[in-house]
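Reader: I have just opened this model and would like to learn how to read it. Could you walk me through some features?
Author: Gladly; let us look at it together.

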Amino acid sequence: MSVSKVLILAGDATEDLELFYGLQRLTEEGYGVTVAAPRAKVLRLVAHDFDGTYEGTYTEHPGRSWPADTAFAHVDPDEYAGLFLPGGRAPEYLRHNPDFQRIVRHFFAAGKPVAHTCHASIALAPLGVLKGRVTTTFPGVAPEVILGGGTFVDDAPVVDGNLVSVRDWSENAPLLREFIRLLREHAQAAA
């Protein structure tokens, strides 16, 4: 039996706690995980913190680095059972990449499990995939969900069919619990 695979889309300035927790939990569950980026390179990640010194927002610090396994252009989304989208600042520019758009639209059109956290919603909203959907995000970017036709809920985790979301890295555990539940319903992991 082949192992079901999960795709993580990331780029420079992806939130490291979101990427690493997703990568580790999915691997621990027996899924093959591929990290894709605009190009295959070592990604420079960031760490966001809610330390109270910035009113209404967060601080950003350099995070760890992690290699992308492949470029978006080389991804065949048919090979993957689920999609995981971490936040950070990366979604600001990833949403402009035509291959990122192609990949994301495939997962939504196919009804495959999709998980997103924090600012990843700003990459989803312009693609129209949140239209008619209920989701959460970092509250500061809730207007983007609404402008994209979605319904923002300030709670976590939010599960709407094949879509699961949380507000930030502090909610990684419930995000991955629900995403793995959806994956188990749709795709077999390694024993």
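Reader: Let me start with strand 11: which residues lie on its two sides, and are they buried or exposed?
Author: A word on the ground rules. This is a predicted model, where local features need pLDDT of at least 70, side-chain atom pairs count only at pLDDT 80 or more, and totals for chains, interfaces and linings use all residues. Residues are numbered from 1 along each chain as its sequence is written, and side-chain values use heavy atoms, with hydrogens and water left out. Helices (H or I, at least four residues) and strands (E, at least two) are DSSP runs, numbered from the N terminus. Buried means under 20% relative accessible area, exposed over 50%, and partly exposed in between (1.4 Å probe, protein chains only). In strand 11, Leu163 and Ser165 on one side are buried, as are Val164 and Val166 on the other, which leaves both faces covered.

Reader: How many bridges join strand 7 to strand 11?
Author: Two strands pair if DSSP finds at least two bridges between them. Strand 7 and strand 11 run parallel and are joined by 4 bridges, with His116 opposite Ser165 of strand 11. Strand 10 (residues 158-160) pairs with strand 11 in the antiparallel sense over 3 bridges, and here Asp160 faces Leu163. The hairpin of these two strands has 2 residues in between, and Gly161 takes a positive phi near 65° there.

Reader: What does helix 3 pack against?
Author: Contact means heavy atoms within 4.5 Å. The buried residues of helix 3 are Phe100, Ile103, Val104, His106, Phe107 and Phe108. They pack against several elements, including strand 1 (5-9), strand 7 (114-117) and strand 11 (163-166).

Reader: Which residue caps the N-terminal end of helix 3?
Author: For a polar contact, look for a pair of N or O atoms within 3.5 Å; within protein, one must be able to donate a hydrogen and the other to accept it, and residues adjacent in sequence count only if both atoms are side-chain atoms. Asn97 is the cap: one of its side-chain oxygens lies 2.8 Å from the backbone nitrogen of Asp99. Just after helix 3, Gly111 has a positive phi of about 70°.

Reader: Where is Cys118 found?
Author: Cys118 sits in the loop between strand 7 and helix 4. Its phi is near 55°, a positive value in a residue other than glycine. Cys118 is buried, at a relative accessible area of 5%.
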